[in-house]
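Reader: Got a minute? Pull up the model and walk me through a few spots.

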Amino acid sequence: MLKAINEAVSFIREQIKETPETAVILGTGLGKIVDHLSVDCAIDYSTIPHFPVSTVEGHAGRLLSGKLNETRVLVMQGRFHYYEGYSMEEVIFPIRVMKLLGIKTLVVSNAAGGMNPEFEIGDIMVINDHINLMPNPLIGKHATELGERFPDMSQTYDPVLLQKSRDRAKELGITIREGCYVGVTGPTLETPKEYEYLRIIGGDAVGMSTVPEVIAAHQSGIRVFAVSVITDLGVPGKIQKLTHKDVIKAAERTAPKLTSLIIKMVAG
Ligand code: HPA
């Protein structure tokens, strides 16, 4: 596995001038941040050795290197979901590559269903904890170079970045929520009882991504900041029939707010 990671890292290093310290994974419908990025290098996933290829509607498959204001960033435009049939090893492969490239901070965004009855569609929820209901991405052979065999998870979401998000949101006049993201495999959305169950166990929002990448990043010592856009509600009385298009539309409506928050966090 390390050999494959190193081959991908060498390939990317040859193409990008300077290695950024911050990486951003763009979630469903949140690609607009790219409009603010001065891109100096775009690499199709399909050209990177051992990199999986993204297939879901609304996700391009490119790694971008460029500047957000004065801050150099690496952007994953499109990610790999477990429900697409990738193994967990494939889902977290880009995070392994990031680590060996020298990334220190990872910013992740996603679309999620809200179970917290105070939430509304379009809310931004900064993730302060998670519950992993997917297979653990670290199951398998362990490479010491990538971190601990039994990683501590008592403070997975970086407290300094959490505080920074509160401060920046306040400066921008953006209301943010905070809460626990439950990671599920999908691809089915939840039944009403499943939403109820996820609320009872402590979840504020549910989605089909992010947790594997966060676990891999945290294991290897990358600081993590993650945020959900609430695209639908899993709240009794507010559950509506939902399509993937609805999710994308709702995420796109919140995109300008989230984009300004993330730019201010990363490059403000
Ligand atoms: N459930 C799971 N994943 C999701 C949802 C949801 O309600 N909304 C967006 N992604």
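Author: We can take strand pairing, then a surface patch, then one helix residue. This is a predicted model, where local features need pLDDT of at least 70, side-chain atom pairs count only at pLDDT 80 or more, and totals for chains, interfaces and linings use all residues. Residues are numbered from 1 along each chain as its sequence is written, and side-chain values use heavy atoms, with hydrogens and water left out.

Reader: Strand β9, then. How many of its residues are buried?

Author: Ten of the eleven residues in β9 (223-233) are buried, meaning under 20% relative accessible area with a 1.4 Å probe, protein chains only. Strands here are DSSP runs of E, at least two residues, numbered from the N terminus.

Reader: Which way do β5 and β9 run?

Author: Parallel, with ten bridges joining β5 (105-114) to β9. Strands pair if DSSP finds at least two bridges between them.

Reader: And β6 with β9, parallel or antiparallel?

Author: Antiparallel, over three bridges.

Reader: What is the partner of A111 in β9?

Author: V229. I124 also has V229 as its bridge partner in β9.

Reader: New topic. Where is L133?

Author: In the loop between β6 (124-132) and α4 (159-172). Helices are DSSP runs of H or I, at least four residues. L133 is partly exposed at 36% relative accessible area, the class between buried and exposed, which is over 50%.

Reader: And E89, where does that sit?

Author: In helix α2 (88-91). E89 is partly exposed, at 48% relative accessibility. E89 and I139 are 50 residues apart in sequence and 8.9 Å apart C-alpha to C-alpha.
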